[in-house]
Amino acid sequence: MNAEIPNHSEAGLKLIRSVFAGGGFGRGIGQTLGLVGVSADPGAVVLAGDPSEDHQNPLGTVHGGYVATLLDGAMALALQTCLDPGTPYATTDLNINYLRGVKLNVGTVRAEGRVIDLGRSRALAEARLVGPDGQLHAFATGSFSVRR
C-alpha cells in the first residue's frame, strides 16, 4: 500500500504491532471470525481471514457482513496506528462496493486498510479485500469520529 502516510503515533503503532505479534486481542469479533493481523505500518494495516462454512450466507457464499467486518477492522486498526492508545474513535460511515462474491474455502483473503486523511475530530480511510489469487473482491471507504 504505497501512499502518503499521515502523522502517526509511535505508541499506537507499537500497540497494534504487539497485539498482532501476540496473536490478536484475545476476545471479540476478530477472534469470533478467525481474523489475523498480518502487518501494521504507520497509517496502514493488513488483516487476513480464511472464510469457511461458518461464514456463509443462505446462497452458499461468504456473507457480506464477514467482508464488511474485515474491511472496517482494517481501516479502524490503520487509524489506531495514528492515535495514542486510549484515544476514543468510532466508525461513523461505512461504504462498501462488493465487486465479486467470495467463495467458501477460497483460502486466505486479505483486507488492506489505509488512512487517507486525519483531522483533529475525524478521519477518512479506505480498504480493499483481495483474494488469494490477487483478485479484488470489495472496496470500502469509512469515516471515523475521533475524540481528542
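This is a conversation about how to read the structure shown above.

Visitor: Before we start, what kind of model is this?

Guide: It's a predicted model, where local features need pLDDT of at least 70, side-chain atom pairs count only at pLDDT 80 or more, and totals for chains, interfaces and linings use all residues. Residues are numbered from 1 along each chain as its sequence is written, and side-chain values use heavy atoms, with hydrogens and water left out.

Visitor: How many helices and strands should I look for?

Guide: First, the general idea: helices (H or I, at least four residues) and strands (E, at least two) are DSSP runs, numbered from the N terminus. Here the chain has 3 helices and 6 strands. Walk along the sequence and you meet them in the pattern α-α-β-β-α-β-β-β-β.

Visitor: In what order do the strands sit in the sheet?

Guide: Two strands pair if DSSP finds at least two bridges between them. In this structure, 6 strands make an open sheet, ordered β1-β2-β4-β5-β6-β3, with antiparallel pairing. At the edges you'll find β1 (36-41) and β3 (89-98); each has a single partner strand, so one side of each has no neighbour in the sheet. From one strand to the next, the twist averages 20°.

Visitor: Which residues face each other in paired strands, say β4 and β5?

Guide: Take D117, whose bridge partner in β5 is L124. Another case is R110, which has V130 as its bridge partner in β5. Strands β4 (residues 109-118) and β5 (residues 122-130) run antiparallel and are joined by 8 bridges. A hairpin connects β4 to β5 through 3 residues. On to β2 and β4: they also run antiparallel, with 6 bridges joining them. There, V46 stands opposite E112 in β4.

Visitor: And the helices? Where does α1 lie?

Guide: For angles, the axes are lines fitted to C-alpha atoms (for helices, over the stretch in contact), and angles run from 0 to 180 degrees between N-to-C directions. Contact means heavy atoms within 4.5 Å. Helix α1 (residues 10-21) lies across β1 and β2 (44-49), at about 150° to β1.

Visitor: What span does helix α3 reach?

Guide: The expected span of a helix is 1.5 Å times one less than its number of residues. Helix α3 (residues 64-80) has 17 residues and reaches 24 Å from its first C-alpha to its last, close to the 24 Å expected.

Visitor: Is α3 largely enclosed or largely open?

Guide: We need a cut-off for that: buried means under 20% relative accessible area, exposed means over 50%, and partly exposed is in between (1.4 Å probe, protein chains only). In α3, 13 of the 17 residues are buried, so the helix is largely enclosed by the rest of the structure. Over the chain, buried residues make up 41% of the 148 residues.

Visitor: Can we try that on single residues? Where is V45, and is it buried or exposed?

Guide: V45 sits in strand β2, and it is buried, with a relative accessible area of 1%.

Visitor: What about the loop between β2 and α3: which residues are there?

Guide: H55 is one of them, and V62 is another. H55 is buried at 11% relative accessible area, and V62 is buried too, at 7%. Leaving out residues up to four places away in sequence, H55 touches L33, D50, T61, V62, H63 and Y66. With that same exclusion, the contacts of V62 include P51, V67, V102 and K103. V62 and K103 are 41 residues apart in sequence, yet their C-alpha atoms are 6.0 Å apart.

Visitor: And where is N105?

Guide: N105 lies in the loop between β3 and β4. Its phi is near 55°, a positive value in a residue other than glycine. At 47% relative accessibility, N105 counts as partly exposed.

Visitor: Last one: how does the radius of gyration of the chain fit a compact globule?

Guide: The radius of gyration is taken over C-alpha atoms, and the globule rule is 2.2 Å times the number of residues to the power 0.38. With 148 residues, a compact globule would have a radius near 15 Å, and the chain has 15 Å, which agrees. Along its principal axes, the C-alpha trace spans about 45 × 30 × 25 Å.
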